[in-house]
Amino acid sequence: MTAASDAPADPASAPASSPTDRPRERLLAAGPRALSDAELLALVLGTGTGRVSARAAALSLVEALPLAELAWAPPDALASWPGIGVARAAALAAAFELGRRGAWSPPRRGERCLDPRTVHELLRHAAHAEREGFHVVLLDVRGRLLRTVQVAEGSLSQCPVSPRDALRPAVREGAHGVVFVHNHPSGDPTPSPDDVDLTARLRAAADLVGVLARDHVIVAAGGYYSFVEAGRWRR
């Protein structure tokens with residue numbers, strides 16, 4: 001019988017850390033598209049906080065919320081998540097906002113803003129708001145963007161607005177035309193009966209004050225609805 005050897009084990013047989021445990025190295029070698037959502041979040045979170053690792057906190061987040069919802073979550077809601085905290089919530093919110101700014105090309109002042117897809121792009125941030133808000137897009141005589149104004153903010157399901165409030169910015173600033181816009185926090189842009197009634201009243205009021213009402217667009221996380229595009233409003 002031979003005695004047991006005290007020599008160290010063959011290094012080749014020793015357990016090695018998995019490549020999935022080194023997202024930073026994989027990102028540098030293969031690019032960010034090679035990483036999962038959780039791995040990308042873990043890199044943003046850094047070392048995590050308290051007793052919860054960044055990896056565990058990131059996994060918990062992506063398992064609880066779709067990335068599209070997580071990207072628009074308020075920082076205070078993220079901060080309350082286990083392992084996140086205020087500093088990491090700020091880092092996440094900043095990362096998502098940078099991503100939006102890099103991919104988002106809203107029309108600028110002086111560019112035409114009549115197509116409902118362009119209006120939706122202009123107010124994409126409102127589409128993901130937690131409360132209903134009513135906005136007015138001010139246009140010049142050629143349908144070019146002057147600026148947008150939020151004239152009212154409501155609750156999760158409604159936003160009372162009067163034609164007077166909606167048209168005041170256009171009259172005050174001498175805008176030739178307007179596009180009315182409001183959001184549906186539910187994610188469904190389909191107009192309600194109240195939306196249809198409001199649209200009719202807004203058009204009538206715009207005619208009275210000499211402002212050209214171009215469209216009423218409802219924006220939501222699920223897309224947009226244009227009264228003009230739907231054939232319910234002739235310019």
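In what order do the five strands of the open sheet run? The order is β2-β1-β3-β4-β5, and the pairing is mixed. Strands (E, at least two residues) and helices (H or I, at least four) are DSSP runs, numbered from the N terminus, and two strands pair if DSSP finds at least two bridges between them.

Before going further, a word on the model: it is predicted, so local features need pLDDT of at least 70 and side-chain atom pairs count only at pLDDT 80 or more, while totals for chains, interfaces and linings use all residues. Residues are numbered from 1 along each chain as its sequence is written, and side-chain values use heavy atoms, with hydrogens and water left out.

Back to the sheet. Its edge strands are β2 and β5 (223-226), each of which pairs on one side only. From one strand to the next, the twist averages 20°; angles run from 0 to 180 degrees between N-to-C directions, and axes are lines fitted to C-alpha atoms, for helices over the stretch in contact. β1 and β2 run antiparallel and are joined by seven bridges. If you look at F134, you will find A152 of β2 opposite.

Now add the helices. α9 lies across β1, β2 and β3, at about 150° to β2. α10 also packs on the sheet: this helix touches β1, β3 and β4, and its direction makes about 155° with that of β4. Contact here means heavy atoms within 4.5 Å.

What fills the largest nonpolar core? This core has 23 residues, and F134, V136, L138, A166, L167, V178 and F180 have the most contacts inside it. A nonpolar core is a set of buried Ala, Val, Leu, Ile, Met, Phe, Trp, Tyr and Cys residues joined through side-chain atoms within 4.5 Å; buried means under 20% relative accessible area, with a 1.4 Å probe and protein chains only. β1 (133-139), β2 (145-153), α9 (163-173), β3 (177-183), α10 (193-209) and β4 (212-220) each supply at least two of its residues, and the largest share, four residues, comes from α10. F180 is a good residue to click on: its contacts include F134, V136, L167, L202 and W233. Apart from this core lies another, of 15 residues, among them L41, L70, L92 and F96.

Finally, turn to α1 (residues 23-30) and α2 (residues 37-45), whose axes come within 10 Å and cross at roughly 110°. The two helices are therefore roughly perpendicular (65 to 115 degrees) to each other. P23, R24, R26 and L27 in α1 meet E39, L40 and L43 in α2.

Methods: Angles under 35 degrees count as roughly parallel, over 145 as roughly antiparallel, 65 to 115 as roughly perpendicular and the rest as oblique. Buried means under 20% relative accessible area, exposed over 50%, partly exposed in between (1.4 Å probe, protein chains only). Lists of a residue's contacts leave out its neighbours within four places in sequence.
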